[in-house]
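Colleague: Please take a close look at the aromatic side chains of this model, and then follow them into the surrounding core and strands.

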Amino acid sequence: LAGTKSGQDFVINSRHHVPSFVFTASDPISAGIIKDENDHTNPNARVTTNPTRYAKQIELFYKMVKFKKLGMCYQDSVNGRSYSGIKFVEEAAKQYHFEIVRFFTLDDFDGKDHEEKVQSLLSCINQLTGKVDAFYLTQQDGVDEKSLKEITEWSIANKVKTFSQGGFDEVKQGIMMSMAPIDMKLTGEFEAK
């Protein structure tokens with residue numbers, strides 16, 4: 001199963017006896033899929049997790065840029081907070097003494113169409129104008145080629161440094177930096193063993 005939502009649906013919300021693997025869940029602990037990285041209470045589920053991924057992203061971004069005000073646009077829901085890594089950003093904000101300026105986008109699972117989610121994200125981005133010197137782009141439905149182009153243009157025009165939670169594909173489209181993604185071949189080989 002790939003992703004947080006499928007992991008929640010299949011592992012948490014069903015009573016089955018089918019051995020299953022959950023890959024690429026954003027933060028399976030805060031999403032409630034597992035209690036912690038050592039949780040093996042469900043004998044039918046194996047969950048791959050990297051509990052320090054978002055913390056390392058924010059630490060790298062801060063150490064490279066030394067921002068004072070970090071903008072974030074994410075969904076104010078259990079899944080949205082999990083996908084955004086907000087708890088790790090809040091911990092880093094305390095440690096490095098920066099302010100988080102946040103606006104909330106439409107939830108991925110609220111039945112709205114894709115274009116409404118794109119417009120929701122772009123509206124939040126525009127509200128950050130003049131309020132931030134850095135922006136942490138989180139994974140959500142509103143991120144696509146159109147919104148990435150507009151976010152990149154906005155960041156250049158406003159001299160806002162950007163970091164992609166999603167990876168190098170978004171850097172190729174204009175976001176300033178990210179961290180290398182997980183090598184799925186190595187992950188698959190590890191899980192198969």
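**Aromatic pairs and their setting**

Modeller: The structure holds 10 aromatic pairs, where rings of Phe, Tyr and Trp (its six-membered ring) pair if their centres lie within 6.5 Å, and planes under 30 degrees apart count as stacked, over 60 as edge-to-face and the rest as tilted. One of them joins Phe 61 and Phe 67: the ring centres are 5.0 Å apart and the planes stand at 50°, so this pair is tilted. The model is predicted, so local features need pLDDT of at least 70 and side-chain atom pairs count only at pLDDT 80 or more, while totals for chains, interfaces and linings use all residues. Residues are numbered from 1 along each chain as its sequence is written, and side-chain values use heavy atoms, with hydrogens and water left out.

Phe 61 and Phe 67 are both buried, a class set at under 20% relative accessible area, with exposed over 50% and partly exposed in between (1.4 Å probe, protein chains only). Together with Tyr 62, Tyr 96, Phe 98, Tyr 136 and Phe 163, these two residues form one aromatic cluster.

Phe 98 and Tyr 136 lead from this cluster to the largest nonpolar core: along with Leu 70, Met 72 and Val 89, they touch the most other members among its 20 residues. Such a core is a set of buried Ala, Val, Leu, Ile, Met, Phe, Trp, Tyr and Cys residues joined through side-chain atoms within 4.5 Å. Two or more of the residues of this core come from each of helix H2 (53-65), strand S3 (69-75), helix H4 (86-96) and strand S5 (134-137); these elements are DSSP runs numbered from the N terminus, helices being H or I with at least four residues and strands E with at least two. The greatest contribution, 6 residues, is that of H4. Val 89 is in contact (heavy atoms within 4.5 Å) with Phe 98 and Tyr 136, and also with Ile 58, Leu 70, Met 72 and Ile 100, when residues up to four places away in sequence are not counted. A second core, separate from this one, has 18 residues, among them Val 118, Leu 128, Val 143 and Trp 154.

Tyr 136 also directs attention to S5. In a regular strand the side chains alternate between the two faces of the sheet. In S5, Ala 134 and Tyr 136 point one way, Phe 135 and Leu 137 point the other way, and all are buried. S5 pairs with S3 in the parallel sense over 3 bridges; strands pair if DSSP finds at least two bridges between them. Within S3 and S5, Leu 70 and Ala 134 stand opposite one another. S5 also pairs with S6 in the parallel sense, here over 4 bridges, and Phe 135 has Thr 162 of S6 as its bridge partner. From S5 the chain passes through H6 to S6 in a right-handed β-α-β crossover, that is, with the strands pointing away from the viewer, the path from the first strand over the helix to the second runs clockwise.

Two loops beside these elements hold a backbone feature worth noting. Lys 66, in the loop between H2 and S3, has a positive phi of about 55° although it is not a glycine, and counts as partly exposed at 48% relative accessibility. Lys 159, in the loop between helix H6 (145-157) and strand S6 (161-164), likewise has a positive phi of about 55° without being a glycine; this residue is exposed, at 67% relative accessible area.
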